[in-house]
Amino acid sequence: MKRRTMEQGLKQIICIGMVLIVLAPILLTLFAAFKTKADMVNTSPLLLPPMERITLSNFQKVIGDKYLLIGFKNTGIILAVSILFNVLFGTITAFILERFEFKLKKVIMSLFFLGMLIPSFVTEIARFKIINGIGLYNTLGAPIVIYVASDLMQLYIYRQFISTLPVSLDESALLDGCSYFGLFTRIIFPLLAPATATVVIIKAITIINDMYIPYLYMPKNKLRTLTTFLMNYANAQQGSWQKLAAGIIIIMLPTILIYIFFQKYILAGIAAGAVKE
Amino acid sequence: MNSLEKQKKRFIVCSLVVPMVLLIGFVVFPAFDLIRMSFTNWDGYSKTYDHIGFNNYTAMFRNRDLWLSLRNNGVYFFAHLIFIPIELMFAVLLTSRLRASKFYKTMVFMPYIINGVAISYAFSYFFSPINGAFDEILTVFHLESLIRNWLSDPKIVNFVLAFVSLWRFSGYHVILFMAALQSLPQDVQEAARVDGANAWQMFKYIQIPSIMLMVDFVLFDNIRGALQVFDIPYVMTSGGPGYASSTFTLYTIDTAFKYSNFGLASTMAVAIMVMIVVIYLVQNKIIHGILKGGRK
């Protein structure tokens, strides 16, 4: 019995240590965000300032920045449109690849596989020319079309999910006179709802956090996303860590909130994607 | 029946045409275009360019800064490699009987979903030489003598950045290992137990093989990830001082978009693609090897 308690105690100590390491950079940034310029020097970076000197002015400054709202709006539009098409194309492609045999299936499968293998960052060197050529440079269309075309993780999740649905379902629907299109929209798509929840949430986090594509394709001020807003804000606040700290915290918040509320779906999808590979 | 076949064909074609156009136009074609561009001296905006044969390839192999960058990728790889046993230990710990294990599971994965740019700035503050928290922690423990310029000393900057990378991505691997541990079907374990398997046999014949597959995945995810490290050094040091903390991807991107040498950058991009494909092929061989060995 005593050994049990000792063992539990040791486990708890290790886990609490892990939690401290995870939270440290976030909490210390939060502390800085509550400090005045003077307290950044006068107080320890490991502590909050004294209660009476806690200031909200750093947060007010970030929230008052008109580009923050623009960033929220742009990120929201990119999110909504990209995810809509990701789900639409993802479900139907996965359904066809999982359920039908046809002539070019092997070729199509290997193209999608190739698409997943190709490293994304360096591909932009060639993609840049194409996006430019079709006039999407410096428009919200650039990130949208790239996310829809190149982020293919949903195929894993959907294919795995569809393989668990009985084929007899398709057969009886078709016997009852349902068209293939009807079979997909009225029977398969609604059954995929749990997988769709996972896809939507994981995609949302990936897109909100993505820095590189909006940074590369949308240098225009009006087209800032949450992440590129923070990059601009950081450049403007050179040296005033307390102001930048408030910006960091605000930009971190959306994905942390999504994670806390929808953790179940995220963890399910993360594991599914890897196991399948 | 014939009309049903026809209908099926139409359904497949109509549904796949847009996804396929997008995939070919924005993913497959650019990849092949990189190969073509790697033999030119295109600068990214001119209408004309010359075909210069293998000049970019010889230039790439002679580029010292690029080799230095590739070595830096190696630092990330080894850091994550050394961490695999620790990640496995946490996975075992969090799947065992543990109070508040749900809370710890939430915490261990949180870094992975946090905005990478935001956390890179947060770590820049953490390691900052002026009022930085890390120096303060060392001071509290009377270790002032260890204080360094964490982000501008070429000798240590890569280790600091690799630490940030560990902070961000280790939780992902812990979750994957946990999934592998939990995916062992209960009935198989039960059947083994009924058949008289002891704890060691269960561990050896049931748990180890299924974890090995995930260890293999994580190992190769590490190689791919290390090869493509970009945003942590980009935000925290821009690859500096000099090229001390540059990485292969960062160097490639800079060559294209900062120095307008799209030809040479394409060559480097081709090199990354070749490395990734080779790694994939090697991994497949190894997986096959393990599976065959397990069946004997």
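Student: Quick one before I start: what are helices and strands here?
Tutor: Helices (H or I, at least four residues) and strands (E, at least two) are DSSP runs, numbered from the N terminus.

Student: And where is His142(B) placed?
Tutor: His142(B) sits in the loop between H6 and H7 of chain B. Keep in mind that this is a predicted model.

Student: What is the phi of His142(B)?
Tutor: Phi there is positive, about 55°, although His142(B) is not a glycine. In general, most residues other than glycine have a negative phi.

Student: Is His142(B) buried or exposed?
Tutor: His142(B) is exposed, because it has 7 C-beta neighbours inside 10 Å. The cut-off for exposed is 12 or fewer.

Student: What about the phi of Ala100(B)?
Tutor: Ala100(B) also has a positive phi, near 65°, and is a residue other than glycine. Ala100(B) lies in the loop between H3 and H4 of chain B. Its 13 C-beta neighbours inside 10 Å make Ala100(B) partly exposed.

Student: Let's zoom out. How many helices and strands does chain B have?
Tutor: Chain B has twelve helices and zero strands. From the N terminus on, each element in the run is α.

Student: What radius of gyration does chain B have, next to a compact globule?
Tutor: Chain B comes to 24 Å, while a compact globule of 296 residues would be near 19 Å. Its C-alpha trace spans about 85 × 75 × 35 Å along the principal axes.

Student: What percentage of chain B is buried?
Tutor: Buried residues account for 39% of its 296 residues. Take the contacts in chain B between residues at least 6 apart in sequence: 70% of them join residues at least 24 apart.

Student: Where is confidence in chain B highest and lowest?
Tutor: The high point is helix H5 (residues 116–126) of chain B, with a mean of 94. The low point is helix H8 (residues 186–194) of chain B, with a mean of 77. Overall, chain B averages a pLDDT of 87, and 96% of the residues score at least 70. The model has an ipTM of 0.91 and a pTM of 0.89.

Student: New topic: the two chains. How many residues does each give to the contact?
Tutor: Chain B gives 70 residues and chain A gives 72 residues.

Student: Which element of chain B gives the most to that side?
Tutor: H1(B) does, with 21 residues. Other elements that give two or more residues include helix H3 (64–95), helix H7 (157–182) and helix H12 (262–295) of chain B. By class, the chain B side has 52 nonpolar, 13 polar and five charged residues.

Student: Which residues does Val122(A) touch?
Tutor: Val122(A) touches Thr249(B), Thr252(B), Ala269(B) and Ile272(B), leaving out residues up to four places away in sequence. Val122(A) is in helix H6 of chain A.

Student: Why is Val122(A) called buried?
Tutor: Val122(A) is buried because 28 other C-beta atoms lie within 10 Å. The cut-off for buried is 20 or more.

Student: Why is helix H7 (residues 141–150) of chain A largely enclosed?
Tutor: Nine of the ten residues of H7(A) are buried, so the rest of the structure largely encloses that helix. Among the buried ones are Pro143(A), Ile146(A) and Tyr147(A).

Student: What do the buried residues of H7(A) pack against?
Tutor: Their partners include helix H4 (66–99) and helix H11 (193–209) of chain A, together with helix H1 (2–37) of chain B.

Student: Now domains. How is chain A divided?
Tutor: Chain A has domain 1 (1–53) and domain 2 (62–272). Their C-alpha centres lie 34 Å apart. Each domain of chain A gives seven residues to the contact between them. H1(A) supplies the largest share of the domain 1 side, four residues. That side divides into four nonpolar, one polar and two charged residues.

Student: Last one: where does UniProt place "transmembrane region" in chain A?
Tutor: The unreviewed UniProt entry lists residues 12–34, 77–97, 109–128, 187–208 and 244–262 of chain A. In the model, residues 109–128 of chain A are 90% helix and 0% strand, with end C-alpha atoms 26 Å apart. Residues 187–208 of chain A are 95% helix and 0% strand, with end C-alpha atoms 31 Å apart.

How values were computed. Residues numbered from 1 in each chain as written. Chains lettered and ligands numbered in written order. Predicted model: local features only at pLDDT ≥ 70, side-chain atom pairs only at ≥ 80, totals over all residues. pLDDT = per-residue confidence, 0-100. Contact = placed C-beta atoms within 7 Å. Nonpolar A, V, L, I, M, F, W, Y, C, P; charged D, E, K, R; others polar. UniProt positions renumbered as here; feature names shortened; annotations may be inferred. Rg over C-alpha atoms; globule rule 2.2 N^0.38 Å. Domains from an automatic or database assignment.
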